[in-house]
Amino acid sequence: GSLEVLDAAGAGQRFPQLQLAEEEKLLFMPEGYTMVVPTALHCLHWAAARSGVEYEEDAVVSIDRRSKTVTTRDGREIRYHKLVITAGPWTNKVLQSAQLDGLPMIVSNEQTVEFLAKDGAPNHDWKEFPLFTWSEAGYKGRAEDGGCRYFYTTPHCPLPGSGSQGVKVGFHRQGPLLQTEDFLVTEQGEACSARLPNIRKELRAQQEFDWDGFSLDAIQQFLKSRLPGLDADHPVGFMRCLYQLTPDLQMILGPHPQDSSVVLACGFSGSGFQFAPAIADFLAALVAERKLSDLQGRMLSKFDPTRF
């Protein structure tokens, strides 16, 4: 698609919501968009069911790789030829139950915060305000020390069922790092913590569900300097979520190094949902043992679990 590069003055004229520093430039991609997650999930679920997928909701209590059997909490035994594990932050715990080595991932306890526009400020709804990200080291880049102050915003989506209360803002990859009974960290994973962009490097033993004051303060300062039309002092909502950070901040896709019948999809490092259809197609090709497309071959090479 087409791209435009705007200087600070041009960016402010095009999008009066923004206030860039004089030396900053805006890379504008007109074909960018906002996904309404509940609607997207519903559509993906519908498309899968229409193709013959059967959904079963139950907790897995054990994985026996010798008999290739998964046992659920309700006592069901499910045999498998290929087992796909997409357990997100709980991946290492699931791998431990299957007597497989864990992966070098650390769970980050992230936060997003929502804000409304001040009275008289420009409209910040998705029809007039684009997705906007700001980084001190380029788009999701990293400084020489591995760190990066990176903020992302999504415009307010005033549609029923969207869940949107205002403009959502996140201080990307800056949540506390966790090492708990649910979120296991391997020795290799712990060793990589120093290279992660998170400012706070210590591993915490408890997941947090309340406000993260450190993140909130950084977000408010960012809004006051770059999005002054938002009421930074009065957030209207927040959400805590979990990232799975890998040493290179790239996802993990492919067979487990110790068992090729176990296929992994995890470690998305805060950038997974938008790629879900492509990842699902890749996993289906592996499970069905189909010839991989050129793109899928590149995915396997780049995101191979054995790369660490």
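These legends describe close-up views of a predicted model.

**View 1. A nonpolar patch lies on the surface.**
Six side chains are named here: Tyr33, Met35, Val37, Leu41, Leu44 and Phe273. Together they offer about 530 Å² of accessible area. Phe273 sits in the loop between strand S15 (259–266) and helix H6 (276–287). Its relative accessibility is 31%, so Phe273 counts as partly exposed.

**View 2. Arginine 240 is found in strand S13.**
The strand covers residues 237–245. Is arginine 240 buried or exposed? Arginine 240 counts as buried because its relative accessibility is 14%. Its side chain reaches the backbone oxygen of asparagine 109 at 2.9 Å. A polar contact of 3.5 Å also joins the side chains of arginine 240 and glutamate 208.
Which residues does arginine 240 contact, leaving aside its neighbours within four places in sequence? Asn109, Glu110 and Gln111 are among them. So are Pro176, Glu208 and Phe209. Asp210, Trp211 and Asp212 complete the list.

**View 3. Glutamate 202 forms a salt bridge with arginine 204.**
The closest N and O atoms of this pair are 3.4 Å apart. Salt bridges that share partners join Glu202, Arg204, Glu208 and Arg240 into one network. Glutamate 202 is partly exposed, with a relative accessible area of 41%. Arginine 204 is partly exposed too, at 24% relative accessibility. Arginine 240, another member of the network, counts as buried.

**View 4. Aspartate 212 forms a salt bridge with arginine 200.**
The closest N and O atoms are 2.8 Å apart. Aspartate 212 lies in the loop between strand S12 (203–204) and helix H5 (213–226). Arginine 200 lies in the loop between helix H4 (187–191) and S12. The pair therefore ties together parts that are twelve residues apart in sequence. Aspartate 212 is buried, and arginine 200 is buried as well. Aspartate 212 also appears among the contacts of arginine 240.

**View 5. Glutamate 289 forms a salt bridge with lysine 82.**
Here the closest N and O atoms are 3.9 Å apart. How far apart in sequence are the parts that this pair ties together? They are 207 residues apart. Glutamate 289 lies in the loop between H6 and helix H7 (294–303). Lysine 82 lies in the loop between strand S5 (77–79) and strand S6 (83–85). Glutamate 289 is exposed, with a relative accessible area of 54%. Side chains of opposite charge can pair when their charged atoms come close. A search of the whole structure finds 13 salt bridges, this one included.

**View 6. Cysteine 43 and cysteine 241 are shown with their closest cysteine sulfurs.**
How many disulfides does the model hold? The count comes to zero. A disulfide would need two cysteine sulfur atoms within 2.5 Å. For cysteine 43, the closest cysteine sulfur belongs to cysteine 157 and is 13 Å away, so it is too far for a bond. For cysteine 241, the closest cysteine sulfur is in cysteine 266, at 17 Å, which is also too far for a bond. Cysteine 43 is partly exposed, with a relative accessible area of 43%. Cysteine 241 is partly exposed at 21%.

Technical notes: Residues are numbered from 1 along each chain as its sequence is written. This is a predicted model: local features need pLDDT of at least 70, side-chain atom pairs count only at pLDDT 80 or more; totals for chains, interfaces and linings use all residues. Side-chain values use heavy atoms; hydrogens and water are left out. Patches are made of residues with over 30% relative accessible area and no salt bridge: like charges are joined within 9 Å, nonpolar side chains (Val, Leu, Ile, Met, Phe, Trp, Tyr) within 5 Å. Accessible areas come from the Shrake-Rupley method with a 1.4 Å probe; for residues, only the protein chains shown count as cover. A salt bridge is a side-chain nitrogen of Lys or Arg within 4 Å of a carboxyl oxygen of Asp or Glu. Helices (H or I, at least four residues) and strands (E, at least two) are DSSP runs, numbered from the N terminus. Buried means under 20% relative accessible area, exposed over 50%, partly exposed in between (1.4 Å probe, protein chains only). A polar contact is a pair of N or O atoms within 3.5 Å; within protein, one must be able to donate a hydrogen and the other to accept it, and residues adjacent in sequence count only if both atoms are side-chain atoms. Contact means heavy atoms within 4.5 Å.
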